[in-house]
Amino acid sequence: MAIQDVFITAVDIEDNVLTPEALATLSDTLTERRQAEPEAAATRLVRSQRGGARIYLPPPVVDGPAMAPLAKTIRIRADALTRHLRGTGPEAFRLVNAWADWLPDGGFHHVHAHENTSWACVFYVDAAECGPGNGDLQLIDPRPAAYVLSEPGFGQRRPPLSVPAETNRLVMFPGWMQHYVGTYRGSRERLALALNARL
C-alpha cells in the first residue's frame, strides 16, 4: 500500500474555444431559435434559473453545423478529463441535451446539479457585462462534512471555486457537482449554453 489521493475532482476551463466566425454563427443560430419560440422570451421560473429566458435545443440543432465546432471540442475535452481521472481512454462521449439561457439584470441560478450526465458543460456565447464577481459560476466543494475539522491542511472545506463568465469560455465539471450562478448585473443579457456530455 502507498499514499494515494482519493475523491479527486477534475474541472476544465478553456478560453477562446471557437473562432470568431464559428462563435458568430452559433450566436445567430440561438437568436433565431429564440425568435421562433416567443414563449421563451417571457421571464419565468425554469428549474434553477430565475429571470430571463431558456430554450431547449432539439437534436437537429445540437447535432447541426452551428454546434459542430463546440461539440467537437467538448468531446475532446471530456475524453481528456476522463483520461486525467482514470488514466484510460479514449472514450466516445456524446451530447445528450443542451439548452440556451439568456440572463438579464438581476438574474441568477440556484444551487443545482446535472443529473445522469458524465460531464456538465457551460459555454459563454456572450458574457455581456459579466466580470469577476458579477454573475460568476460557483462550483461547490463536494465534501459536505469537511468543515468539521478546523486544523489547517486537514480536510477543511473550501469556498466555492468562482469562475468568471467570459465570452468564448468553456467550463466542464462532473455532472454531480453542485453549482450556482451569482446575480448578474448589466444592461445586456448574458447568453450561455449548458450541455451534458455522457458516455
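Me: A salt bridge is a side-chain nitrogen of Lys or Arg within 4 Å of a carboxyl oxygen of Asp or Glu. Which residue forms one with Asp-126?

Reply: Arg-188 does, and the closest N and O atoms of the two are 2.9 Å apart. This is a predicted model: local features need pLDDT of at least 70 and side-chain atom pairs 80 or more, while totals for chains, interfaces and linings use all residues. Residues are numbered from 1 along each chain as its sequence is written, and side-chain values use heavy atoms, without hydrogens or water.

Me: Where do Asp-126 and Arg-188 lie?

Reply: Asp-126 is in strand E7 and Arg-188 is in the loop between E11 and E12, so the pair ties together parts 62 residues apart in sequence. Helices (H or I, at least four residues) and strands (E, at least two) are DSSP runs, numbered from the N terminus.

Me: Is Asp-126 buried or exposed?

Reply: In between! Asp-126 is partly exposed, with a relative accessible area of 23%, and Arg-188 is partly exposed too, at 40%. Buried means under 20%, exposed over 50%, partly exposed in between (1.4 Å probe, protein chains only).

Me: How many salt bridges are there in the whole structure?

Reply: A search finds nine. One of them joins the side chains of Arg-34 and Glu-189, at 2.8 Å from N to O. Arg-34 sits in helix H1 and Glu-189 in the loop between strand E11 (179-181) and E12, 155 residues apart. Arg-34 counts as buried because its relative accessibility is 17%, whereas Glu-189 is partly exposed at 30%.

Me: What about Glu-14, which residue does that one bridge to?

Reply: Glu-14 forms a salt bridge with Arg-77, with the closest N and O atoms 3.3 Å apart. This pair links strand E1 to helix H3, across 63 residues. There is a network here as well: Asp-12, Glu-14 and Arg-77 are linked by salt bridges.

Me: New topic. How are the six strands of the open sheet ordered?

Reply: The order is E1-E10-E7-E12-E5-E4, and the pairing is antiparallel (two strands pair if DSSP finds at least two bridges between them). At the edges are E1 (12-14) and E4 (53-56), each pairing on one side only.

Me: So E7 has two neighbours? How many bridges join E7 to E12?

Reply: Seven bridges join E7 to E12, and in E12 the bridge partner of Ala-120 is Asn-196. With E10 (residues 170-174), strand E7 (residues 119-126) shares five bridges, and Phe-123 has Leu-170 as its bridge partner in E10. E7 is mostly covered, with seven of its eight residues buried.

Me: What packs on the sheet?

Reply: Helix H1 (residues 20-36) does, touching E4, E5 (94-103), E7 and E12 (190-198). Helix H3 (residues 68-86) lies across E1, E5, E7, E10 and E12.

Me: And what does Leu-26 touch?

Reply: Beyond residues up to four places away in sequence, Leu-26 touches Leu-18, Ala-66, Met-67, Leu-70, Phe-123, Val-125 and Leu-193. Contact means heavy atoms within 4.5 Å.

Me: Last one: is His-109 buried or exposed?

Reply: His-109 is buried, with a relative accessible area of 6%. You'll find His-109 in strand E6 (residues 108-112). Leaving aside neighbours within four places in sequence, the contacts of His-109 include Ser-48, Arg-54, Asp-101, Tyr-180 and Arg-190.

Methods: Axes are lines fitted to C-alpha atoms, for helices over the stretch in contact, and angles run from 0 to 180 degrees between N-to-C directions.
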